[in-house]
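Reader: Hello! Could you walk me through this one, starting with the inside?

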Amino acid sequence: MSNKPEISVVIPIYNVEKYMRRCVDSVLQQEFDNAEIILVDDGSTDQSGVICDQYAADYDTVRVIHQRNKGLSGARNAGIDVARGEWITFIDGDDVVSTHLLFTLFELANKYDAEIVSIDPEHIAENEEPEFCYSNQTDCYDYRAAILDVLYQDGIYPSACGKLYRTKIFDKIRFPEGKLFEDIAVMGPLFEGCSKIVWNKSRLYGYVHRKNSITNRIFDQRDCDILEICDQYCERYRKDEILYLAAKCYRANCSLRVLLRAPIDEKYQEIRSKCSDLILNEYTEVLNNRRARTKLKLALILFRYARPLLYRIYPYINRWK
């Protein structure tokens, strides 16, 4: 690729041979024609790495990085390190995107002079085809409003995917390696580097839920990483009363989810006790918080007064928006 690309598309690849052609082909078919595609083969043990090299041989817009397995964060960071575009976006190797994704994100970024543009995901099962749709509904935020939106889970989806970023925002920021929930970990710091963030209600990113994916696997110690991230947010915003309140509300929500998912055995007794204490300590404050979601408030009430019932009905409550 001779000319400098406007957008760098970073696609981490790890043992997704079955899915990656649909993903990469959906990017190659974009109506936006000035993008580079960076395939990061993160130590794949199937044929994914070979397929990456085939794409690079067939398309001069495709570049490949082969590295030992460092996880999703390490793969994204490798892509950031070599990205040449003024803008950057991330697409997971088993997801699929609309052919209008890049053009729409780029058009919104320029129209609103924003540093980050976010759209909504279309959640699908691995054998489903996404029903993409475009929306004219757009909201503009300063960094504080965007952070509040994410912490209250009331708008901007906290995934690194489905967003377009000015690459320079990542000058001093990288995804934390060896951790789960790396997306939410960097959202606050990334937003802090922006004067304007745009959220558009279009659904042009197909987020695929596979049986063995991170979001659908059995609970283990790594699921507790979210509590460390919550503590970091509370400490980060301790001197900002409004953001601090939002961070504590988010921590109560995450503590509840960890508590309800963690197996009841000695291995997780300490973390379960910590979660229980956090929930009870912040119970009154969350219930009096107008921005806290109704389903969280209901879950906390049940936790305090009818805990056995909560365990039975929480999977249904959690489906509420």
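Author: Happily; what follows is a set of questions and answers on a predicted model.

Reader: Which helix gives the most to the largest nonpolar core?

Author: In general, nonpolar side chains of soluble globular proteins tend to be buried together. Here the largest nonpolar core has 106 residues, and Phe90 and Leu256 touch the most other members. With twelve residues, the helix that gives the most to this core is H8, residues 241–261.

Reader: Let's stay with Leu256. Which residues is Leu256 in contact with, leaving aside its neighbours within four places in sequence?

Author: Leu256 is one of the two residues that touch the most other members of the core. Setting those sequence neighbours aside, its contacts are Ile279, Leu296, Ala299, Leu300, Phe303, Leu310 and Tyr314.

Reader: Ile279 caught my eye there. Is Ile279 buried or exposed?

Author: Ile279 sits in helix H9, residues 269–281. Beyond four places in sequence, its contacts are Ala252, Ser255, Leu256, Leu259, Leu300 and Phe303. Its relative accessibility is 0%, and the cut-off is under 20%, so Ile279 counts as buried.

Reader: How far apart are the C-alpha atoms of Ile279 and Arg251?

Author: Along the chain, Ile279 and Arg251 are 28 residues apart. In space, the separation of their C-alpha atoms is 8.4 Å.

Reader: Now helix H11. Which residues of H11 are buried?

Author: H11 covers residues 294–305 and reaches 17 Å from its first C-alpha to its last, close to the 16 Å expected. Leu300 and Phe303 in this helix are in contact with Ile279, and both are also in contact with Leu256. The buried residues of H11 are Lys295, Leu296, Lys297, Ala299, Leu300, Leu302 and Phe303.

Reader: Is there any empty space inside? How much space lies in the largest cavity?

Author: Rolling a probe the size of a water molecule over the atoms shows where empty space is left. The count comes to three cavities of 30 Å³ or more. The largest is lined by Leu151, Tyr152, Gln153, Cys249, Tyr250, Asn253, Ala292, Arg293 and Leu296, and H8 gives the most to that lining, with three residues. The space in the largest cavity is about 40 Å³.

Reader: One last thing, on the strands. In what sense do E6 and E9 pair, parallel or antiparallel?

Author: Strand E6, residues 116–125, has eight of its ten residues buried. With strand E8, residues 163–166, E6 pairs in the antiparallel sense over three bridges, and Ser118 has Lys163 as its bridge partner there. On strand E9, residues 197–209, Ile116 has Ile197 as its bridge partner. Over nine bridges, the sense in which E6 and E9 pair is parallel.

Key. Residues are numbered from 1 along each chain as its sequence is written. This is a predicted model: local features need pLDDT of at least 70, side-chain atom pairs count only at pLDDT 80 or more; totals for chains, interfaces and linings use all residues. Side-chain values use heavy atoms; hydrogens and water are left out. A nonpolar core is a set of buried Ala, Val, Leu, Ile, Met, Phe, Trp, Tyr and Cys residues joined through side-chain atoms within 4.5 Å. Buried means under 20% relative accessible area, exposed over 50%, partly exposed in between (1.4 Å probe, protein chains only). Helices (H or I, at least four residues) and strands (E, at least two) are DSSP runs, numbered from the N terminus. Contact means heavy atoms within 4.5 Å. Two strands pair if DSSP finds at least two bridges between them. The expected span of a helix is 1.5 Å times one less than its number of residues. On a 1 Å grid over the protein atoms alone, a cavity is a set of points where a 1.4 Å probe fits but cannot get out, and a pocket is an open set with protein on both sides within 12 Å along at least five of seven lines; lining residues have an atom within 4 Å of a point. Grid points are joined across faces, edges and corners, and a volume is the space filled by probe spheres set on the points.
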